[in-house]
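This report covers a protein model, its domain interface and a few individual residues. The sequence and structure come before the details.

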Amino acid sequence: MPAAPLRLGLAGLGTVGIGVVKIVQSHADLITARTGRPVQITAISARDRSKNRDADLSGYAWETDPVALAQRDDVDIFVEVMGGHEGAAKQATEAAIASGKDVVTANKALLAHHGHELALAAESAGRVIRFEAAVAGGIPVIKALTEGLAANQMRRVMGVMNGSCNYILTRMQNEGLSYEAVFEEARQLGYLEADPNLDVGGIDAGHKLSLLAAIAFGTKVNFDAVELEGIGAISIDDITLAADMGYRIKLLGVAQLSGRGLEQRMTPCLVPADSPLGQLQGGTNMVVLEGDSVGQIVLRGPGAGMGPTASAVMADVLDIARGLRLSTFGQPASTLATAQPAKTATPASYYLRMTLLDKPGALAKIATCLGEAGVSIDQMRQYGHQGVNAPVLIVTHKATRDDIDHAVARFAATGVLVGAPVALRIEEV
Ligand code: NAP
Ligand code: HSE
């Protein structure tokens, strides 16, 4: 007797949702062959029923309210691809768990803010929440961490996890364009979220990093503890100067657990131009996973878009169809530790760019501030004088972020600084 179909309730019919419809419809035989049971969509929900969605949705029941969709008797898995960390996505996910449904979601914001409570609720209800699509789109990084690297003590997790930022930075680099010009281009091409600060402010990538850190280190997801800095202050001068020194600028996420606690930061950093991260172009994502036994693994691929993201959603659906029921963050949520948030303490060289008044003793004053904060200068140069102003680049020997921040805080009192300095970590990758 053929196995009973696995029935999906699909909330959200945008880029990801329609991608899911297309895979379910076009790959039905393949999915049945691989899981041993058919996967069907029974009901769908979106805001606007009349919208043309370039897909045949006629066979599916329509629900105006995603909560009602999540509670339907003919739904086994609630697939949440609406977005947003409050409102409909949260209410419907909670309703699905309470109604005994498994959940597959692409929603990193929801899990970064409420992942721990949702995981606890799912586990006490005997349900699973899977979220492969939420981090780095089509790259199977959750699977890699949760399954392939499960026997490793993870050392460090890092990566470029926001395609829009990498697009902006690499286009500035390749075309010599200003941040403002490329930001506008990306906006017009539809590469940016409706609220672009989610991308360029590092928030979207910070959500993803906090989810990876929870799995890698067995800790409760803590997005609020991620040090966040966006790319809005990066100028074409920074890109060019970094390139002259053999570096590229990336919005890089790094998470590591030390004796001091859990460091999580999503900040623009310099990385060697010839490293895999340095060579990453356009909207592509890259995640680097370092474990005690395996060493370093580098995963690269599309971080967004209909096909890649739906591929990841459906991978989770197929796991459930096969009977694979993993804990949300790789171990029971009740056993996840509360990590002490730690500000990055690993020393690194820093790139400092600033504009000074071009007058005697100006550089000496800045050098004194650095010296008094315990920061040693490795390289220093003035470039491209602009009237009474002198742009200055300093590369430090290894220092902690605290020491750099103390030095930079003293710069203002020198009376020679014009505007705000840029301080970027030079990451060893
Ligand atoms: P989208 O294109 O904006 O689609 C969102 C869908 O959700 C739309 O169909 C919308 O309905 C529906 N929706 C929104 N609020 C709703 C509500 N209150 N009730 C019912 N339906 C509602 O978004 P998307 O790009 O597919 O992203 C969906 C999720 O996947 C987000 O969490 C996003 O962060 C995540 N994600 C997206 C990508 C990507 O490449 N796009 C990659 C990774 C993760 P209408 O169509 O009627 O407006
Ligand atoms: N805005 C995100 C990005 C979409 O640019 O990577 C995928 O999460």
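At 2% relative accessibility, Thr328 counts as buried; buried means under 20% relative accessible area, exposed over 50% and partly exposed in between, with a 1.4 Å probe and protein chains only. Thr328 sits in the loop between α12 (306-322) and β13 (349-357), where helices (H or I, at least four residues) and strands (E, at least two) are DSSP runs numbered from the N terminus. Apart from neighbours within four places in sequence, Thr328 is in contact with Ala119, Glu123, Ile129, Arg130 and Phe131, contact being heavy atoms within 4.5 Å.

The model is predicted: local features need pLDDT of at least 70, side-chain atom pairs count only at pLDDT 80 or more, and totals for chains, interfaces and linings use all residues. Residues are numbered from 1 along each chain as its sequence is written, chains are lettered from A and ligands numbered from 1 in the order in which they are written, and side-chain values use heavy atoms, with hydrogens and water left out.

**Domains and their interface**

The domain assignment gives domain 1 (6-134), domain 2 (145-302) and domain 3 (350-426); such bounds come from an automatic or database assignment. The centres of domain 1 and domain 2, taken over C-alpha atoms, are separated by 28 Å. Ten residues of domain 1 are in contact with eleven residues of domain 2. About 850 Å² is buried between domain 1 and domain 2, and carbon and sulfur atoms give 69% of that area. Buried area is the accessible area (1.4 Å probe) that two parts lose on being put together, summed over both. Of the area that domain 1 buries against domain 2, Lys108, Ala112 and His116 supply 54%, more than any other three residues.

The rule finds one salt bridge across the interface of domain 1 and domain 2, a salt bridge being a side-chain nitrogen of Lys or Arg within 4 Å of a carboxyl oxygen of Asp or Glu. Asp204 forms a salt bridge with Lys108, with the closest N and O atoms 3.2 Å apart. Two residue pairs are in polar contact across the interface of domain 1 and domain 2, both at pLDDT 80 or more. A polar contact is a pair of N or O atoms within 3.5 Å; within protein, one must be able to donate a hydrogen and the other to accept it, and residues adjacent in sequence count only if both atoms are side-chain atoms. Helix α5 (residues 108-124) gives seven residues, the largest share of the side of domain 1 that touches domain 2.

**Thr105**

Thr105 is in strand β5 (residues 102-105) and, at 2% relative accessibility, is buried. A polar atom of the Thr105 side chain lies 3.0 Å from the backbone nitrogen of Asn107. Leaving aside neighbours within four places in sequence, Thr105 contacts Glu80, Leu111, Ile129, Arg130, Phe131 and Ala134.

**Loop residues**

Asp54 is not a glycine, yet its phi is positive, about 55 degrees. Ala136, also a residue other than glycine, has a positive phi near 60 degrees. The table gives loop positions and relative accessibility.

| Residue | Loop | Relative accessibility |
|---|---|---|
| Asp54 | between β2 (39-45) and β3 (61-62) | 60%, exposed |
| Ala136 | between β6 (129-130) and α6 (141-148) | 0%, buried |
| Lys51 | between β2 and β3 | 49%, partly exposed |

Lys51 and Leu149 are 98 residues apart in sequence and, C-alpha to C-alpha, 43 Å apart in space.
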